[in-house]
Amino acid sequence: MKTLHSRYLLPSALSAATVFAFAGPAHAFEFKVSGQVDRAAIAADNGEDRDIGFVDNVGSNSRFRFTGEQDLENGYNIGFAYEIALNENPSTSFDVNNGGGSEDDFLDNRLANVYVEGDFGRFTFGKLDGAANGSSELNYSGTMYLGGGQGISMYAGGISFLDDEGRVVTNLSGASNHFDGISRQNGVRYDTPSLGGAVLSATLDNGHAYELAARYETPFADGGKAGFVLSHLDTQDQDFDIEPDGTVNDNSPRFQETGGTGSLLLPSGLTLTGSFKQRDYNEPGRATAENYFGGVGYVQDKHHFEVSYMQTNDLAGDGSTARSYGLAYVYDVIDSVELFASYHHLTLDDAEYSYTSTDVAGDDTTITATGDAQDLDILFVGTRLKFL
């Protein structure tokens, strides 16, 4: 592994150093402040009770960012991105009869990186989007991140599935997930120049984790376009607690994730989106989890619609099946203001879970069960305002 890192990182570092060594500024450094506020109301029925909460949409949370760039005399460009999310009562903390609160608020340093780009492509260093991040979220319907698309676990991942006795089976994100890489990471990323519309990307993250992705997009007549993303990643020993002698303590499971997403926008405004991802956990006896998504949408001027179906297998235990039936709508009031609303009906079958049973003597026993959960119904309504 050390040889591999030296082989690829050393030339990359030398290339970046060469750019700075033989380049002067072409003009003054350009600096920009931007961001957004994204608030929503969420209403849910878990089969036992109903509740409503007022939350920050984790699909595209409230945030601000600083960006800057400067052209160099040799035709190269350098820049930086620094972005902070401010989650006040995040939507993933909401559950029926538990609306969240200030204890769930958090600041998230999303990005803190510098980059250099030119005819060789682009090198980015720091906290950045991993190469596979977003590979499950390509969607031309215009509803992704605003209640629609593949992101139900981002909007309402904390809502609990209950069994027929009202006991918690798991939460939504523990049963349904679109497996979108390992998100933002500290590392180094390389993107090739566009090769006829195709861009290849690779990231080396902390813990020796690596991500690979291939993206392609092409426009065609009268505003149509088609695109796809293929990705693979391996978390290696990321998040492992490793002693100096090599002993591993309380680590998150290592996994490999592979799959792709494609989306099509026809000149008529009709959109078609499909995705498949599988996650292989490095745990003996644990099944490979899979996720399938299909969506049909329509874009007309300021209006965006999508109906969707998503199925996640074997995430809430071997043999489990979580299904999501979704309907989403987004209205662009102006370029910087969007209104959105969505409805999802979710089912969970054959999930594995545990609960505590107390006998007449007052002794507690942990029971492990497999069964179906009661259905969830979720309404998600909100607005996103962007300052550019």
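**Exercise 1. In which strand is the place of Tyr343?**

Solution. The model is a predicted one.
Step 1: find position 343; Tyr343 falls in strand 20, which covers residues 337-349.
Step 2: check how open this residue is; Tyr343 has a relative accessibility of 37% and counts as partly exposed, because buried means under 20% and exposed means over 50%.
Step 3: look at the surroundings of the side chain. Tyr343 belongs to a nonpolar surface patch of about 800 Å², together with Leu270, Leu272, Val296, Tyr298, Phe305, Val307, Leu327, Leu379 and Val381.
Step 4: assign the patch to elements. Two or more of its residues come from each of strand 16 (270-281), strand 17 (289-300), strand 18 (303-313) and strand 23 (376-387).

**Exercise 2. Describe the chain as a whole.**

Solution.
Step 1: count the elements; the chain has two helices and 23 strands.
Step 2: consider burial. The chain has 388 residues, and 45% of them count as buried.
Step 3: consider the surface, where about 18200 Å² is exposed, with 55% of this area supplied by carbon and sulfur atoms.
Step 4: consider contacts. Among contacts with a separation of 6 or more, 60% are between residues 24 or more positions apart.

**Exercise 3. Which residues gather in the patch of negative charge on the surface, and where is Glu48?**

Solution.
Step 1: list the members. The patch consists of Glu48, Asp49, Asp164, Glu165, Asp350 and Asp372.
Step 2: place Glu48, which sits in the loop between strand 1 (30-45) and strand 2 (50-56).
Step 3: check its accessibility; Glu48 has a relative accessible area of 45%, so this residue is partly exposed.

**Exercise 4. Trace the salt bridge of Glu88 and what it joins.**

Solution.
Step 1: recall the principle. Side chains of opposite charge can pair when their charged atoms come close.
Step 2: name the partner. Glu88 pairs with Arg39, and the closest N and O atoms are 3.4 Å apart.
Step 3: place both ends. Arg39 is in strand 1, while Glu88 is in the loop between strand 4 (77-87) and strand 5, so this salt bridge ties together parts that lie 49 residues apart in sequence.
Step 4: compare with the cut-offs. Glu88 is partly exposed at 38% relative accessible area, and Arg39 is also partly exposed, at 27%.

**Exercise 5. Is Glu83 buried or exposed, and which residue forms a salt bridge with Glu83?**

Solution.
Step 1: Glu83 counts as buried because its relative accessibility is 5%.
Step 2: its salt-bridge partner is Arg65, with 2.6 Å between the closest N and O atoms.
Step 3: Glu83 belongs to strand 4 and Arg65 to strand 3, and the two are 18 residues apart.
Step 4: turn to another pair. Lys127 and Asp108 form a salt bridge with an N to O distance of 4.0 Å. Lys127 is in strand 6 (residues 121-129) and Asp108 in strand 5, so parts 19 residues apart in sequence are tied together. Both of these residues are buried.
Step 5: look for shared partners. Arg63, Arg65, Glu83 and Arg110 are joined into one network by salt bridges. The structure holds 18 salt bridges.

**Exercise 6. Describe the surroundings of Phe106 and Asn61.**

Solution.
Step 1: Phe106 is in strand 5 (residues 106-118) and is partly exposed, at 37% relative accessible area.
Step 2: beyond neighbours within four places in sequence, Phe106 contacts Ala85, Leu86, Asn87 and Pro90. Its C-alpha atom is 6.8 Å from that of Glu88, which is 18 residues away along the chain.
Step 3: Asn61 lies in the loop between strand 2 and strand 3 (63-71), and a relative accessibility of 4% makes Asn61 buried.
Step 4: with the same neighbours set aside, Asn61 is in contact with Gln36, Asp38, Asp56, Ala85, Asn87 and Arg110.

**Exercise 7. Where do Asn89 and Phe179 lie, and what is phi for each?**

Solution.
Step 1: Asn89 is in the loop between strand 4 and strand 5. Its phi is positive, about 55°, although Asn89 is not a glycine.
Step 2: Phe179 is in the loop between strand 8 (168-171) and strand 9 (184-191). Here phi is near 50°, again a positive value in a residue other than glycine.
Step 3: check burial. Asn89 is buried at 8% relative accessible area, and Phe179 is buried at 0%.

Definitions and conventions: Residues numbered from 1 in each chain as written. Predicted model: local features only at pLDDT ≥ 70, side-chain atom pairs only at ≥ 80, totals over all residues. Heavy atoms only, no water. Patch = residues over 30% accessible without salt bridge, like charges linked within 9 Å, V, L, I, M, F, W, Y side chains within 5 Å. Areas by Shrake-Rupley, 256 points an atom, 1.4 Å probe, with all protein chains shown as cover. Salt bridge = Lys/Arg side-chain N within 4 Å of Asp/Glu carboxyl O. Lys, Arg positive; Asp, Glu negative; His and termini not counted. Charge placed at Lys NZ, Arg CZ, Asp CG, Glu CD. Helix = DSSP H or I, 4+ residues; strand = E, 2+ residues; numbered from the N terminus. Buried < 20%, exposed > 50% of the residue type's maximum accessible area, 1.4 Å probe, protein only. Contact = heavy atoms within 4.5 Å.
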